Amino acid sequence: MKYSKAESIFPEELLRIIQEYVQGELVYIPKPKEAHLKWGEKTRSKSMVSARNAEIQSRFRNGASIRELADRYFLSCESIKKIIYKKN
């Protein structure tokens, strides 16, 4: 989040209205709800995790143990169990 001077962003009239409510303080102005992205939409993280989880499920079905999978993917056994037994 970057800092910007209100004088360089807002029209003078709007700045005066804002100053009726707050002066000399930092104010966070959030994005509109429709501009929010879900986790992993901006990067490939979500698709990478989904692919990894599918691979873990496949390896488990082909005989890999939970401990082997945990060691291979650097996850806890509990995390592996959640991935394996997740209902889609």
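**Exercise 1. Salt bridges within helices**

This predicted model has a count of 4 salt bridges. Work out how the partners arginine 16 and glutamate 12 are placed in their helix, and how exposed each one is.

*Solution.*

Step 1. Start with the atoms: the closest N and O atoms of arginine 16 and glutamate 12 are 2.4 Å apart. A salt bridge needs such a pair within 4 Å, so arginine 16 and glutamate 12 qualify.

Step 2. Now find the helix. Both residues belong to helix H2 (residues 12-19), and because they are 4 residues apart there, about one helical turn separates them.

Step 3. Finish with the surface. Arginine 16 has a relative accessible area of 49% and is partly exposed, while glutamate 12, at 57%, counts as exposed. The cut-off for exposed is over 50%.

**Exercise 2. Two further bridges**

Which helix holds arginine 67 and aspartate 71, and which holds glutamate 78 and lysine 81?

*Solution.*

Step 1. Arginine 67 and aspartate 71 meet through their side chains in a salt bridge of 3.1 Å, N to O. Helix H4 (residues 66-73) holds both, 4 residues apart, or about one helical turn.

Step 2. Check their accessibility: arginine 67 is partly exposed at 49%, and aspartate 71 is partly exposed at 46%.

Step 3. Move on to glutamate 78, which forms a salt bridge with lysine 81; here the closest N and O atoms lie 3.4 Å apart. You will find both residues in helix H5, with a spacing of 3 residues, about one turn of the helix.

Step 4. Glutamate 78 has 48% relative accessibility and counts as partly exposed. Lysine 81, at 33%, counts as partly exposed too.

**Exercise 3. An aromatic pair**

Classify the ring pair formed by phenylalanine 60 and tyrosine 85, and say which parts of the chain the pair ties together.

*Solution.*

Step 1. Recall what you need: the distance of the centres and the angle of the planes describe a pair of aromatic rings.

Step 2. The count for this model is 1 aromatic pair. The ring centres of phenylalanine 60 and tyrosine 85 are 6.2 Å apart and the planes stand at 80°, so this pair is edge-to-face. The cut-off for that class is an angle over 60 degrees.

Step 3. Place the partners in the chain. Phenylalanine 60 is in helix H3 (residues 45-61), and tyrosine 85 is in the segment after helix H5 (77-84), so the pair links parts 25 residues apart in sequence.

Step 4. Phenylalanine 60 is partly exposed at 27% relative accessibility, whereas tyrosine 85 is exposed at 54%.

**Exercise 4. One residue in helix H5**

Is isoleucine 83 buried or exposed, and which residues does it touch?

*Solution.*

Step 1. Locate isoleucine 83 in helix H5. Its relative accessibility is 10%, so it counts as buried; the cut-off is under 20%.

Step 2. Leaving out residues up to four places away in sequence, isoleucine 83 touches Arg52, Asn53, Ile56, Gln57 and Leu75.

Step 3. For a contrast, try glutamate 7, which is 76 residues from isoleucine 83 along the chain: their C-alpha atoms are separated by 51 Å.

**Exercise 5. The largest pocket**

Describe the lining of the largest pocket.

*Solution.*

Step 1. The largest pocket has about 810 Å³ of space. It is lined by 21 residues, and the closest to its centre are Ser4, Ala6, Glu25, Leu26 and Val27.

Step 2. Sort the lining by class: 12 residues are nonpolar, 4 polar and 5 charged.

Step 3. Helix H1 (6-9) and helix H2 each contribute at least two lining residues.

Notes: Residues numbered from 1 in each chain as written. Predicted model: local features only at pLDDT ≥ 70, side-chain atom pairs only at ≥ 80, totals over all residues. Heavy atoms only, no water. Phe/Tyr/Trp six-rings, centres within 6.5 Å; stacked < 30°, edge-to-face > 60°. Buried < 20%, exposed > 50% of the residue type's maximum accessible area, 1.4 Å probe, protein only. Contact = heavy atoms within 4.5 Å. 1 Å grid on protein atoms, 1.4 Å probe; cavity = no way out; pocket = protein on both sides within 12 Å on 5 of 7 lines; lining within 4 Å. Points joined across faces, edges and corners; volume = space filled by probe spheres on them. Nonpolar A, V, L, I, M, F, W, Y, C, P; charged D, E, K, R; others polar.
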